[in-house]
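Morning, everyone. I have one model to walk through. Please look at the screen.

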Amino acid sequence: MGWLRQLLDFMVPEERLELSSPRGAGDFESANFWYNAKDFRQLTNKCVMSMGALALLFSDPAHAAQPAAYLTYVLHTESRLDSPVMYASPEAWAQTRHNIVAWARLVEAEGQALDLFFSPDYMEAEREWGRDYAQETGGTNLFLWLDRLPHVEVGAHVDEADGQWLYADAQEILLGFGVRDHGIVGGTFCIPGPAGYTEFWSGQTSSSGWTWRPTIIHGLASPGHVCDLRDSGVWRPSLDSAWMNDPSGPLVAVGGHRNTTETIMGELGACDPARLNTFSVQIFQAALSEPDFLAGRRREAGMWAGRQEVAWATLTEVAAVWRAQYLEEPSLVVRGAW
Ligand SMILES: [Zn+2]
């Protein structure tokens, strides 16, 4: 699927976005260009997907040139309780912010994809401390700066078992930063019921009365991560089981969480090329506080360079591919547990 990325990159060249040069505050013309460029890419994406679906109707799907797998990077930030080092001081937190910015620039330069899910505590830190570091993000807040990048999307992450926040609360706070609602639940329990993935079935209402209706779910984990399944693919979970497809289910699940570059490379050869296979390279939030964080991402970029059998795509893009090219054919594969 290198051709899709190549086509998109050709139509909206990354170098035109001047990602390496920080923007001055109030540079609205550039900000609008970013925004429009991303919209244009998504429009182009939809056109290309539709063309792909049409092409499948007139060709032998078994011989269609599909990537072995779609990949995106995923990171969740956690609460102050879970990540005391990250929030120990404004400077300690700013180092993680700096690493996220540098990582996003690397993702853009490499044509990779990145889905970042932020906890309410990280949003609060951005509101309290972020303005002192806004020069690095063109004078705007971190989340809006990230969301304007063509290969990056942002959402919320909450551990609802903590009892402090609902997903709808976190998503509502995030939207207050000006980002778009991608409708992604960024990590939840794979169990049915009020404490699991089915709580989003007909939307979730925040404490202020706003109802959020997510459409995509990623990171279906077991409570306490005691038995996380090694899933891959795209499907619609049923009311009874996260691992059964129900074509009428309201949420599209994208599988493949908790992988690393190494585990994915070890499994690519076993992927059935006739299916839509998905993986996410999960980076744990503690890594953001480590001095060699960016070096690790550069090393992985070197490992992925030239691997034309994989296609980088955000969770939203993968769901769009599934709808248009695979006509919602469920492709869930479970390869055991972590
Ligand atoms: Zn969490």
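One definition first: a residue counts as buried if 20 or more other C-beta atoms lie within 10 Å of its own, with C-beta atoms placed from the backbone. On that count, buried residues make up 40% of the 338 residues in the protein chain. Keep in mind that this is a predicted model.

Now the overall layout. The chain holds 9 helices and 13 strands. How much of the contact list comes from residues 24 or more positions apart? Take the contacts in the chain with a separation of 6 or more: residues 24 or more positions apart account for 77% of them.

Next, a sheet. Here 4 strands form an open sheet, and the order is 4-7-10-9. The pairing is mixed. Which strands sit at the edges? They are strand 4, residues 184-189, and strand 9, residues 234-235. Each of these pairs on one side only. Strand 9 runs antiparallel to strand 10, residues 252-254, and 2 bridges join them. One residue to find there is W235: its bridge partner in strand 10 is A253.

What packs on this sheet? Helix 9 does. Helix 9 touches strand 4, strand 7 (216-221), strand 9 and strand 10. The direction of helix 9 makes about 120° with that of strand 10.

Stay with helix 9, residues 315-324, and follow the chain on. A loop lies between helix 9 and strand 13, residues 333-337, and L327 is in that loop. So is E328. Check the backbone angles here. Most residues other than glycine have a negative phi. L327 has a positive phi, near 50°. E328 has a positive phi too, near 65°.

Are these two buried or exposed? L327 is exposed, because 11 other C-beta atoms lie within 10 Å, and the cut-off for exposed is 12 or fewer. E328 has 15 C-beta neighbours inside 10 Å, so E328 counts as partly exposed.

Last stop, helix 8. This helix covers residues 293-304, which is 12 residues. From its first C-alpha to its last, helix 8 reaches 17 Å. That is close to the 16 Å expected at 1.5 Å a residue. What follows helix 8? G306 does, and its phi is positive, near 80°.

To recap the angles: positive phi at G306, at L327 and at E328. Over to you for questions.

Definitions and conventions: Residues numbered from 1 in each chain as written. Predicted model: local features only at pLDDT ≥ 70, side-chain atom pairs only at ≥ 80, totals over all residues. Helix = DSSP H or I, 4+ residues; strand = E, 2+ residues; numbered from the N terminus. Expected span 1.5 Å × (residues − 1). Contact = placed C-beta atoms within 7 Å. Pairing = 2+ DSSP bridges. Axes fitted to C-alpha atoms, helices over the stretch in contact; angles between N-to-C directions.
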